[in-house]
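Student: I am new to this structure and should like a close look at a single part of it. Please describe the space enclosed in its interior and what surrounds that space.

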Amino acid sequence: MKKLLLMVAIAASGTTFAQSITEALNYSTSNTTGTARYRAMGGAFGALGGDLSAIGDNPASSAVFTKGTVAFSLSSDNIDNSTTFLGNGTTSSDSDLSVNQAGGVFVIDGAGNSKWNKFTLGFNYDRIGNLDNQYRAIGTNTNSISSYFSDFAQGVPLDLLETLDGESVTDLYQFLGETEGFGAQQALLGFQSFILDPVTNDAGNTEYFVNTVGESYEQEYLFASEGYSGKASFNMGAQYNDKLYLGLNLNSHFLDYNQSTVLFESNDAGPDQGFTNVTDVRFENNLRTIGSGFSFQLGAISKVTENLRLGLTYDSPTWTTIDEETTQRITTTAVDDAGVFTTVVNPRVTNVYESYEIKSPGKYTGSAAYLFGKKGLISFDYSYKDYTTLSFRPDNDAFFNAQNAAIDNLLQPVNAYKLGGEIRAQEWSFRAGYRYEDSPFKDETTISELTGYSAGIGYNFGNIKVDVAYDNFTQDRTSPLYSTGLVNDVTVERDNTSIIATLSLSL
């Protein structure tokens, strides 16, 4: 397969479905994931500690451990989507089983009469984002996918869209990507698939009309993605004078994501004397994304009294380097004076984009917890994250500057709340949690607020603990099918349910 490095600014041809603000949020947003105990209590562990996944919220959590501990967790995730498009509703579901968490903490006692009672070293991995998803949108539209190709084609000279002697469509698609950009490639797909025709046959023609002439268009849009984002935390913690716990995390972030979209369109256009009418279209886009990044965290937990604890955490911005590849393919069926024929335009070229960086915003978290002796506890976390500081880099790129300007207009600060409780009855523990997070978008519809509920139980065998949790959250998303032309909105109501099991071993 031929490779292509696009050295020109993608901004010259408009935004792509890959490099968008919504995708940047997908790449940089973490969900509440981790051990079963952590999930069952809604992730409200900032002032508690003593849990491997709590280290990812407050690095001082490791210093609360009294003995070395290792734990790993399995998660079964089920996503139910209810999709609305052009007034029609469809449903779909997807499930996934994965290792959701794994890590360990090692405790080193302080020396002599030092007020530094102990030190801890820890490592924990959490899959902070499950990017598996799929949905289907079906409807009857008065707008055709041809408008997408037409928007990109207007202004492109005809001689750029016609192959030369001995030149294949593959060669031309690659050439346009290297010299003209994404938009010219879309114009080529529309022209070579007979969706577009020039107003005149002059080489310098820059105007095009469409060959989809139906009164209505039956459309089916399929979206499928798979992948994850993860965080590996390398932790150091310490306890001072029985009252103060301190910690530092150095975090390595990684992202692996694949996305595929396919649009099927048909209309009832018949033969038209002297003209070609396109009746069916299949348009496929594939995206491959790999990312790696870095962040750090500073945290503290104060034992104010024997029952009351307060926590404070600072999360630095995360700097993530993104590498992306895309492929495209289009198939059309058309009818003319000679009959029906099918055209396949498959460039077999992978567009490899220059690496870019996403700087996701930092976060501040304040926490409080009250312990009722050995009977139970209640805990609360509040976090503030300003998404207007999300940014693309390099700063000297015109496209990314435009995206950054749009971020200021579209995004807003986010408040997040987590509430959790636990009741203990001898070796048994019973837990419940609630969480709420504001929408990062000012319109609150592109991505809505998030609401989640959870519950769980645990049993302590001594050096072995087994915990199970149920976690559910809902969040809606609304987005256009494409960046231009066919911009009808699809609304997806997502309901995510997880069953988590954790095995913990004390060393």
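Tutor: The largest cavity holds about 70 Å³ of space. Here a cavity is a set of points, on a 1 Å grid over the protein atoms alone, where a 1.4 Å probe fits but cannot get out; points are joined across faces, edges and corners, and the volume is the space filled by probe spheres set on them. The model is predicted, so local features need pLDDT of at least 70 and side-chain atom pairs 80 or more, while totals for chains, interfaces and linings use all residues. Residues are numbered from 1 along each chain as its sequence is written, and side-chain values use heavy atoms, leaving out hydrogens and water.

By this rule, the count is 1 cavity of 30 Å³ or more. Lining residues, those with an atom within 4 Å of a point, are G46, G56, D57, Q297, D315, K363, T365, D381, S383 and K418 for the largest cavity. Strands β16 (363-371) and β17 (376-386) each give at least two residues to this lining; strands are DSSP runs of E, at least two residues in length, numbered from the N terminus. By character, the lining divides into 5 polar residues, 5 charged and no nonpolar. In this division, Ala, Val, Leu, Ile, Met, Phe, Trp, Tyr, Cys and Pro count as nonpolar, Asp, Glu, Lys and Arg as charged, and the others, Gly among them, as polar.

Elsewhere, Q259 lies in strand β9 (residues 244-267). Q259 counts as buried (under 20% relative accessible area, 1.4 Å probe, protein chains only), because its relative accessibility is 5%.

Methods:
On a 1 Å grid over the protein atoms alone, a cavity is a set of points where a 1.4 Å probe fits but cannot get out, and a pocket is an open set with protein on both sides within 12 Å along at least five of seven lines; lining residues have an atom within 4 Å of a point. Helices (H or I, at least four residues) and strands (E, at least two) are DSSP runs, numbered from the N terminus. Buried means under 20% relative accessible area, exposed over 50%, partly exposed in between (1.4 Å probe, protein chains only).
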